[in-house]
Every structure is written in structure tokens, then in C-alpha cells.
Amino acid sequence: MTLPAELADEYPTWWVDLLGEHNHVGGIEATRWLLARANVRPGDRMLDCGAFVGGTARLAAQLGAAAVALDSVADFLAAGRRMEGSAGVSWVCGAAQRLPFADASFASLWSLDSPIVPRELTRVAAPGARLCLCAEAPADSRGGLDSFFDEWAELGWSLAAHRPYGLEALQTWRFVEAELVARRPYFERRYGSRPYLGQLDLMAYLVKAYERGEMSHGLFVFERR
Ligand SMILES: C[S@@+](CC[C@H](N)C(=O)[O-])C[C@H]1O[C@@H](n2cnc3c(N)ncnc32)[C@H](O)[C@@H]1O
């Protein structure tokens, strides 16, 4: 399903324009890979943290989960509420830094290319909960992936599944950069000249950093001990 046109008009930014409803690297394919390993069961409380229009929450609700879509932008949640499969989802405006939920209240937690606050995700996770991430992951001599795994292990999470996703991310950043260049007059008109150049600079930076192996991406499933 496509995003409501007025959303892209209200929020003129490359990720609303070019990544679509499943607004993370890999799109719905990445979500499906994670869902296959997430053990979401009917009745489970599921949190989609930084949900945008709640694409993941709506899929989990279709599996029978009691899904909650949380985002700091109320307009994204309002758009998601009008999209297919929204009936079983609760829509909560809030911040990932201070989740408005009780301790140990979710069996399934998700953060897909959204700000990750490990302490808060850990606080609201029930024992045995699974945490699914699509996230930037350290790739080089600054600690590498081990530092990422160690941080989660210290908070009581064990790695259940991992798929390196750096190439997919690089493809995404190259696609976005190419679109911004190829359709410059359109995006420059939409964003304004300076914001347009800012977004193009960001994409150029990401492409270089991923090509040099300084940054990378991954799909991760962790389990709370
Ligand atoms: C790139 S989108 C990813 C959306 C979604 N996870 C998905 O896969 O479709 C990032 C989302 O995080 C939200 N966000 C950014 N900072 C946030 C915060 N501090 N707390 C909650 N949501 C936040 C943005 O509003 C945006 O909807």
C-alpha cells in the first residue's frame, strides 16, 4: 500500500519520499526475515518503537499480536491508523527515550531504523521477550560488531539471529542518492535549495562510509534472558 500523498507533502524528506511504507533498509523483505524469527504469538504484546505509519505493527496485528505503534510524530500515527490492517493496533505518541509503558510489559519489541534506546527497550521487555532490530552496526576498528553484541549482552540479551545487511543498506543509499540527482528540480522545489543539498550531502556521506566499510547495517534478533 502506498503512503498517503499528503504525508509526503507535509514531511518533505528523502526517507518519506523514497523509502515508503516499510521505512527501513530492505523494506518489507527485511521485516519478513525478522518476523520469521521473532516468535510473535497470538495475544503477545508487541511494541513497534519509532513506528512511522506502523507497517510492522499492522503486520504483527494480523498475526494476532496486541500491537502498539509508538512514534514521536502524531501525524505519522494518524496516517497509519487510516491504512490497511490498522484495526488491531494501538497508536501511541511518545518518545523512545521515555516509553510510556510499565516494566516487563512486552513480549515482542521492534525498532527498525529508528532511534534505539537500549535501557528503555530492556525495561519494558518481559523475560523471554524477543527484540528485532534493523540498525546501523559498527563495522570497523572502532569495536566492530562485538562491541554492539557486548552492549546488549550486558543488558541481559542473547543473540538469536543475525543477518549482515551492509550491502542492502549501501544499495539503498546509492538508490536514494541517484534519485535525488536524477530528479533534482523536483526535489529541490519540494525541499528548498539548501535542505535539498543537505539531504544530498548526507546520502553522499553514507555511500562513501558504507563503501569504505566504516559503517554497516544489520538485522538482529535478541532474546531476553
Ligand atoms: C526511518 S523511520 C522508520 C520507521 C519504522 N520503524 C519503519 O520501519 O517503517 C524513523 C521513525 O522514527 C521516528 N522517531 C524519531 N525519533 C524518535 C523518538 N525519539 N521517539 C520515537 N520515535 C522517533 C520518526 O518520527 C520516524 O517515524
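**Group meeting: a walk through the model**

Let me start in a loop: Ala102 sits in the stretch between S3 and S4. This is a predicted model, so please hear everything that follows in that light. Ala102 is exposed, because just 9 other C-beta atoms lie within 10 Å of its own, and the cut-off for exposed is 12 or fewer. In sequence, Ala102 and Ile28 are 74 residues apart, and their C-alpha atoms are 29 Å apart in space.

Ala104 belongs to that loop between S3 and S4 as well. With 14 C-beta neighbours inside 10 Å, Ala104 counts as partly exposed. Its backbone deserves a look: phi of Ala104 is near 55°, a positive value in a residue other than glycine.

Now the overall picture. The protein chain has ten helices and seven strands. Along the principal axes, its C-alpha trace spans about 50 × 45 × 30 Å. The radius of gyration is 18 Å, which agrees with the value near 17 Å that a compact globule of 225 residues would have. Of those 225 residues, 39% count as buried. As for contacts between residues at least 6 apart in sequence, 58% of them join residues at least 24 apart.

Next, the domains. Domain 1 takes in 5–164 + 219–224, and domain 2 covers 169–209. Their C-alpha centres lie 25 Å apart. How many residues does each domain put into the contact? Domain 1 supplies five and domain 2 supplies eight. On the domain 1 side, the touching residues are four nonpolar, one polar and no charged.

On to the core. In general, nonpolar side chains in soluble globular proteins tend to be buried together. Here, the largest nonpolar core has 57 residues, and those touching the most other members are Met46, Ala57, Ala67, Ala69, Leu109 and Leu131. Which strand gives the most to this core? That is strand S5, residues 125–138, with eight residues. The core also draws at least three residues from each of domain 1 and domain 2.

I will take two of those core residues in turn. Leu109 is placed in strand S4. Is Leu109 buried or exposed? Leu109 is buried, because 25 other C-beta atoms lie within 10 Å and the cut-off is 20 or more. Leaving aside neighbours within four places in sequence, Leu109 is in contact with Leu47, Cys49, Leu121, Ala125, Ala129 and Leu131. Leu131, then, is both a contact of Leu109 and listed among the core residues that touch the most other members. For a sense of distance, Leu109 and Arg37 are 72 residues apart in sequence and 12 Å apart in space, C-alpha to C-alpha.

The second is Ala57. Again leaving aside neighbours within four places, Ala57 is in contact with Met46, Asp48, Ala51, Ala67, Val68, Ala69 and Val89. Met46, Ala67 and Ala69 are in that set, and they also appear in the list of core residues with the most touching members.

Ala57 brings us to helix H4, where it is one of the buried residues. Why is H4, residues 55–62, described as largely enclosed by the rest of the structure? Because seven of its eight residues are buried. They are Gly55, Thr56, Ala57, Arg58, Leu59, Ala60 and Ala61. Note that Arg58 is on that list. The cover over the buried residues of H4 includes helix H3 (27–35) and strands S1 (45–49), S2 (66–71), S3 (89–93) and S4 (106–112). After H4 comes Gly64, with a positive phi near 100°.

Before H4, in the loop between S1 and H4, we find Phe52. Phe52 is not a glycine, yet has a positive phi of about 55°. Phe52 counts as buried, with 28 C-beta neighbours inside 10 Å.

Phe52 also leads to my last topic, the ligand. Which of the 20 residues around the ligand come nearest? They are Asn23, Gly50, Phe52, Ala96 and Leu112. By type, the shell around the ligand has nine nonpolar, nine polar and two charged residues.

That is my tour of the model.

Key. Residues numbered from 1 in each chain as written. Predicted model: local features only at pLDDT ≥ 70, side-chain atom pairs only at ≥ 80, totals over all residues. Domains from an automatic or database assignment. Contact = placed C-beta atoms within 7 Å. Nonpolar A, V, L, I, M, F, W, Y, C, P; charged D, E, K, R; others polar. Near = placed C-beta within 6 Å. Helix = DSSP H or I, 4+ residues; strand = E, 2+ residues; numbered from the N terminus. Rg over C-alpha atoms; globule rule 2.2 N^0.38 Å. Core = buried A, V, L, I, M, F, W, Y, C linked by C-beta atoms within 7 Å.
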